[in-house]
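Here is a short briefing for a computational chemist. The topics are the ligand site, helix packing and backbone geometry.

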Amino acid sequence: MAQPLTPARTDYGMLSNRTRMRMVERLRQSGVKDERVLAALYEVPRHLFVDQALATRAYDDVSLPIGHGQTISQPLTVARMTELLFAGRQSGKILEIGTGCGYQTAVLLKMGAEVYSIERVAALLDTARQNLRAARLVQARLVHGDGHFGLPEAAPFDGIIMTAAAKALPDALVAQLAPGGRLIMPIGDTEQHLWLIENTSQGMHKTRLDPVKFVPLLPGRS
Ligand code: SAH
């Protein structure tokens with residue numbers, strides 16, 4: 001019997017293991033070194049986080065639409081940001097801003113982190129909750145809110161990761177970093193760069209990294 005071109009989400013398991021292995025090899029070749037990050041990306045079934053019609057493209061190194069004008073970041077971006085966030089450490093308390101479909105959240109959970117994630121679009125947060133449940137990862141605290149303000153009630157955080165681009169560095173986020181904490185986020189408008197902000201004993205240390213392209217951080221909730 002001929003195989004369907006787009007396997008149903010549930011039939012995709014076996015095929016996706018091999019495809020995911022290839023994705024991890026590509027990430028390694030692209031310079032991702034932290035084996036725990038590579039293991040986390042191998043373990044998370046990315047196809048469960050995208051629309052069924054896009055499942056066969058889930059492991060390509062591309063960003064994909066997730067509805068509401070938003071996108072799931074490409075695997076290399078997720079891997080690179082996760083590597084920068086943890087910097088060799090495994091666990092800790094992490095705040096994610098921009099839950100989207102929940103894929104980055106799943107990777108953070110697989111890294112062993114205690115995860116808080118804020119999303120401004122209620123419908124996306126619902127989808128993320130369903131996707132994470134399907135992937136059997138239910139420990140994240142998902143919050144409907146505006147990530148510009150962080151989550152003071154749960155601060156300080158060992159790491160903060162933002163997956164939408166802010167025009168400037170939000171002061172509230174810097175204030176919620178624990179000593180030794182790291183904030184990784186895209187900053188910019190038409191031209192964006194990834195920034196790493198480290199809370200060191202000598203103060204905040206800011207480093208500009210690669211040029212990137214993220215959807216904008218928007219004000220308020222919807
Ligand atoms: N990490 C996500 C990427 C989603 S794209 C994933 O793996 O799918 C960025 C997300 O940031 C979108 O879902 C968007 O709605 C959300 N976002 C934009 N501005 C926000 C804000 N001020 N607070 C919280 N989330 C925001």
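The ligand has 26 residues around it, and Thr71, Glu119, Asp146, Gly147 and Leu218 come nearest. The model is predicted. Three polar contacts of the ligand come next, then two helix pairs that share helix 4, then two backbone features.

**Ligand contacts**

- Glu119, one of the residues that come nearest to the ligand, has an N or O atom in its side chain 2.6 Å from an oxygen atom of the ligand.
- Glu96 also uses its side chain: an N or O atom there is 3.3 Å from a nitrogen atom of the ligand.
- Gly98 takes part through its backbone, with a polar atom 3.1 Å from a nitrogen atom of the ligand.

**Helix 3 against helix 4**

- Helix 3 covers residues 75-86 and helix 4 covers residues 103-110.
- Their axes are 11 Å apart, and the packing angle is about 45 degrees.
- Why is the pair called oblique? An angle of about 45 degrees is neither under 35 degrees, the limit for roughly parallel, nor in the 65 to 115 range for roughly perpendicular, so it counts as oblique.
- The crossing of helix 3 with helix 4 is right-handed.
- From helix 3, the contact uses Val78, Thr82, Leu85 and Phe86. From helix 4, it uses Tyr103, Gln104, Val107 and Leu108.
- By class, six residues of this contact are nonpolar, two are polar and none is charged.

**Helix 2 against helix 4**

- Helix 2, residues 35-43, packs on helix 4 at an angle of about 125 degrees, and the axes are 9 Å apart.
- Helix 2 is therefore oblique to helix 4.
- This crossing is right-handed.
- Ala40, Leu41 and Glu43 of helix 2 meet Tyr103, Val107 and Lys110 of helix 4.
- The contact of helix 2 with helix 4 divides into four nonpolar residues, two charged and no polar.
- Tyr103 and Val107 of helix 4 appear in the contact with helix 3 and in the contact with helix 2.

**Backbone features**

- Most residues other than glycine have a negative phi, and most peptide bonds are trans.
- Ala87 is not a glycine, yet its phi is positive, at about 45 degrees.
- Where is Ala87 placed? Ala87 is in the loop between helix 3 and strand 3, which spans 93-97.
- The peptide bond between Ala155 and Pro156 is cis, with omega of about 5 degrees.
- Pro156 lies in the loop that runs between strand 5 (141-144) and strand 6 (157-162).

Conventions
Residues are numbered from 1 along each chain as its sequence is written. This is a predicted model: local features need pLDDT of at least 70, side-chain atom pairs count only at pLDDT 80 or more; totals for chains, interfaces and linings use all residues. Side-chain values use heavy atoms; hydrogens and water are left out. Axes are lines fitted to C-alpha atoms, for helices over the stretch in contact, and angles run from 0 to 180 degrees between N-to-C directions. Helices (H or I, at least four residues) and strands (E, at least two) are DSSP runs, numbered from the N terminus. A crossing is left-handed if the near helix is turned anticlockwise from the far one by less than a right angle, and right-handed if clockwise. Contact means heavy atoms within 4.5 Å. Ala, Val, Leu, Ile, Met, Phe, Trp, Tyr, Cys and Pro count as nonpolar, Asp, Glu, Lys and Arg as charged, and the others, Gly among them, as polar. A residue is near a molecule or strand if one of its heavy atoms lies within 4 Å of it. A polar contact is a pair of N or O atoms within 3.5 Å; within protein, one must be able to donate a hydrogen and the other to accept it, and residues adjacent in sequence count only if both atoms are side-chain atoms. Angles under 35 degrees count as roughly parallel, over 145 as roughly antiparallel, 65 to 115 as roughly perpendicular and the rest as oblique.
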